[in-house]
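Work through the exercises below with the sequence and the model side by side. Try each task before you read its solution.

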Amino acid sequence: MAVSVNKVFIAGNITRDPEVRYTGSGKAVATLTVAVNDYFSQEASFFRVVVWERQAENCQKYLSKGSPVLVEGRLQSRNYEVNGEKRNVVEIVAQNVQFLSSGSGGDSGSRKNEASDERQEEDIRRKVEETVENNEGEFFEESSDDDIPF
C-alpha cells in the first residue's frame with residue numbers, strides 16, 4: 001500500500017501584518033503571506049499560510065510586516081466562487097509557526113551579515129531536521145471546511 005505524505009516547510013518573511021478573523025464558532029484564524037527568496041535567482045515566491053486558534057492570535061500579537069518565520073504545515077487545495085467565477089487556491093495550513101530572529105544586530109559589515117545569514121540558515125535547517133525527526137511517521141487528520149470563514 002502506498003503512503004502519502006503532505007508536509008511543507010518554508011522559511012521567509014511576512015509580507016504584511018497578519019490578518020486575524022474569527023469563525024462562527026469563535027475559532028481564530030490568521031492569514032499570512034510569506035515571501036521566500038530563491039538563493040540563486042534572487043526571485044521571491046509568495047505563499048499563503050493559514051494559521052488556526054492560539055497560534056493565529058500569537059502571530060497577530062508578535063509578528064508584523066517583514067518578520068522572519070519558519071512555517072511547518074501541509075498543502076490544502078480548495079475551491080470557491082466569486083461573482084459566478086470558480087476559483088481554486090492552494091495554501092499552506094500551518095501546524096507550527098516559529099518566530100525567527102531578524103538578525104539585525106546593527107552591524108554594517110557585509111562579512112558579518114553574511115556569516116549571520118549563514119548561521120541563521122543553518123539554524124533553520126537544524127530546526128527543520130529536528131522537527132522532521134520528531135514527527136516521523138506522524139500523520140495529520142484533514143480539518144473540516146465548516147470552520148473556514150471565507
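A residue is called buried if its relative accessible area is under 20%, exposed if over 50%, and partly exposed in between (1.4 Å probe, protein chains only). Helices (H or I, at least four residues) and strands (E, at least two) are DSSP runs, numbered from the N terminus. The model is a predicted one, in which local features need pLDDT of at least 70 and side-chain atom pairs count only at pLDDT 80 or more, while totals for chains, interfaces and linings use all residues. Residues are numbered from 1 along each chain as its sequence is written, and side-chain values use heavy atoms, with hydrogens and water left out.

**Exercise 1. Confidence and overall layout**

Task: Find how the helices and strands follow one another along the sequence, and state the mean pLDDT of the protein.

Solution. Begin with confidence: pLDDT is the predictor's confidence in each residue, from 0 to 100. The mean pLDDT of the protein is 82, and 77% of its residues reach 70 or more. Residues 105-112 have a pLDDT below 50, and this stretch has 3 contacts in the model beyond near neighbours in sequence, where contact means heavy atoms within 4.5 Å. Next, list the elements: the protein has 2 helices and 6 strands, and their order along the sequence is β-β-β-β-α-β-β-α. Finally, look at burial, which applies to 30% of the 150 residues in the protein.

**Exercise 2. The partners of strand β3**

Task: Determine how many residues of β3 are buried, and in which sense β3 pairs with β1, β2 and β4.

Solution. First, locate β3 at residues 28-37, where 9 of the 10 residues are buried. Two strands pair if DSSP finds at least two bridges between them, and with this rule the partners can be taken one by one. Strand β1 (residues 8-14) pairs with β3 in the antiparallel sense over 2 bridges, and asparagine 13 stands opposite alanine 35 of β3. Strand β2 (residues 19-22) also runs antiparallel to β3, joined by 4 bridges, with valine 20 having alanine 30 as its bridge partner. The hairpin of β2 and β3 has 5 residues between the strands, and glycine 26 there takes a positive phi near 90°. Strand β4 (residues 44-52) is antiparallel to β3 over 9 bridges, and serine 45 in β4 stands opposite valine 36. Between β3 and β4 lie 6 residues of a hairpin, and glutamine 42 in the turn has a positive phi of about 60°.

**Exercise 3. The nonpolar core**

Task: Identify which element gives the most residues to the largest nonpolar core.

Solution. Start from the term: a nonpolar core is a set of buried Ala, Val, Leu, Ile, Met, Phe, Trp, Tyr and Cys residues joined through side-chain atoms within 4.5 Å. The largest such core has 19 residues, and those with the most contacts inside it are Ile10, Val34, Val49, Val51, Val69 and Val71. At least two residues each come from β1, β3, β4, α1 (53-62), β5 and β6 (85-99). The element sought is β3, which gives the most, with 5 residues. As a check on one member, valine 51 touches residues including Ala28, Leu32, Cys59 and Val97, when residues up to four places away in sequence are not counted.

**Exercise 4. Four residues to inspect**

Task: For arginine 78, serine 67, glutamate 53 and asparagine 83, decide whether each is buried, partly exposed or exposed.

Solution. Take arginine 78 first, which lies in strand β5 (residues 68-82). Arginine 78 counts as buried because its relative accessible area is 11%. Its side chain makes a polar contact with the side chain of glutamate 91 at 2.8 Å; such a contact is a pair of N or O atoms within 3.5 Å, and within protein one must be able to donate a hydrogen and the other to accept it, while residues adjacent in sequence count only if both atoms are side-chain atoms.

Serine 67, in the loop between α1 and β5, is likewise buried, with a relative accessible area of 13%. Serine 67 touches Gly12, Asn13 and Ile14, not counting residues up to four places away in sequence, and its side chain reaches the backbone oxygen of serine 64 at 2.8 Å.

Glutamate 53 lies in helix α1 and is partly exposed, at 41% relative accessibility. Asparagine 83, in the loop between β5 and β6, is exposed, with a relative accessible area of 81%.
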